[in-house]
Amino acid sequence: MFSTRVLFLALVFSVLPSPIVAQIAGGPPGSGGSKAPAGGSHLAGWNIDYQIPQGWRVVQNLGRIQMLGSDTEAGAIFVAPGLYSSPNEAIADLTVFYQSMNLMGHPLEPPSETTIAGLRAVVATIASQDQMMRPVHGRFIGMLTPHGTGLNLLAMTTPDKFNALRATLERLAATVKAKPPSINQQAISALQGTWMLYSGGYSGGSSASGSSSHSYEETVAFDGRGRFQYQSSSSFMLNTPGSGGSYGGGAGSASGDSDQGTYTVIERTLVL
């Protein structure tokens, strides 16, 4: 069955800019300047707080992802809140993130459950290669709060720098604190209605040249109270050239899918 959650995450993560991938496999972004002071970071709406490690800072915001960089350590740390009720849901987000960066990962340490900062957590270590075929190691920590939310942490760097960055990530994870999220009830109600995405095209149009047409449509209906219904359909038709003013033959295909579930809005983020 089609997963609207996967579609949503794909839109949120998209393809990361090349400078980010370069930082993961390269050195620190700074030029040896003064260290950035340690400080707190508050994820608005999600009401999740953590302490930024000494020498690190938020260098970019990508949707609901914060990317941390350092002037003294190589690599990058990604911080992303989400709605998770199980470790598998947190790992599903991790999988989409790797796909968005065109990285094929395999576990060096398979997922295992533990407790960090009093919260249920899942941890794993992943090996991969970037687009330049350089090896990249990632340490993943997914933390689940008692409020139905969670925080995914991912530290990525080259194998020779991995152990130091892993220790930094673990220090960060130990500072995480969470309160219930702030649900935007006004936005949930405002979404009531049916939203549609359509694309299609037609080419040719004579018996001498043949013709083809295609269409794709997605609709999402929100009830304004936290439930949605999703439907999609696609079709393709091909008419081959013929003689005597008629087409020689034709073939076509059609497919569709549907899903339903719940949605919410945290701050300004729609979560399916």
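Two strands pair if DSSP finds at least two bridges between them. By that criterion E6 and E7 are paired, with eight bridges joining the two antiparallel strands. The model is predicted. Its open sheet has seven strands in the order E3-E4-E5-E9-E8-E7-E6, with antiparallel pairing. Helices H3 and H4 both contact this sheet: H3 lies across E4, E5, E6, E7, E8 and E9, while H4 touches E3, E4, E5, E6, E7, E8 and E9.

**Sheet**

- The edges of the sheet are strand E3 (56–62) and strand E6 (106–116), each of which pairs on one side only.
- From one strand to the next, the twist averages 20 degrees.
- At the E3 edge, E3 pairs with strand E4 (residues 65–70) in the antiparallel sense over six bridges. Leucine 62 is placed opposite isoleucine 65 in E4.
- At the E6 edge, E6 and E7 make a hairpin with two residues between them. Within this pair, serine 112 faces valine 123 in E7.

**Helices**

- Helix H3 (residues 87–100) has 14 residues and spans 20 Å from first to last C-alpha, close to the 20 Å expected at 1.5 Å a residue.
- H3 runs at about 40 degrees to E9. The direction of H4 makes about 15 degrees with that of E8.
- Buried positions of H3 are Pro87, Ala90, Asp93, Leu94, Val96, Phe97, Tyr98 and Ser100. An α-helix has 3.6 residues a turn, so residues three or four places apart point the same way. The buried set includes Ala90, Asp93 and Phe97.
- Asparagine 102 follows H3 and has a positive phi, near 55 degrees.

**Nonpolar cores**

- In soluble globular proteins, nonpolar side chains tend to be buried together.
- The largest nonpolar core has 25 residues, of which Ile77, Val79, Ile141, Met143 and Leu153 touch the most other members.
- Two or more residues of this core come from each of strand E2 (48–52), strand E5 (76–83), strand E7 (119–129), strand E8 (135–144), strand E9 (149–157) and helix H4 (162–173). H4 gives the largest share, four residues.
- Another core, of 21 residues, lies apart from this one and has Ala90, Phe97, Leu103 and Val122 among its members.
- Leucine 153 contacts Phe78, Val79, Arg139, Phe140, Ile141, Met143, Leu169, Leu172 and Ala173, leaving aside neighbours within four places in sequence.

**Serine 41**

- Serine 41 is in strand E1 (residues 39–43). Serine 41 counts as buried because its relative accessible area, 8%, falls under the 20% cut-off.
- Its side chain makes a polar contact of 3.2 Å with the side chain of glutamine 66.
- Not counting residues up to four places away in sequence, serine 41 touches Ile48, Asp49, Tyr50, Ile52 and Gln66.

**Positive phi in loops**

- Asparagine 47 lies in the loop between E1 and E2. Its phi is positive, about 55 degrees, although the residue is not a glycine. With a relative accessibility of 16%, asparagine 47 is buried, because the limit is under 20%.
- Alanine 117 sits in the loop between E6 and E7. This residue other than glycine also has a positive phi, near 55 degrees. Its relative accessible area is 40%, so alanine 117 is partly exposed, between the 20% and 50% limits.

Methods:
Residues numbered from 1 in each chain as written. Predicted model: local features only at pLDDT ≥ 70, side-chain atom pairs only at ≥ 80, totals over all residues. Heavy atoms only, no water. Expected span 1.5 Å × (residues − 1). Buried < 20%, exposed > 50% of the residue type's maximum accessible area, 1.4 Å probe, protein only. Core = buried A, V, L, I, M, F, W, Y, C linked by side-chain atoms within 4.5 Å. Contact = heavy atoms within 4.5 Å. Axes fitted to C-alpha atoms, helices over the stretch in contact; angles between N-to-C directions. Polar contact = N/O pair within 3.5 Å; in protein donor to acceptor, adjacent residues only side chain to side chain.
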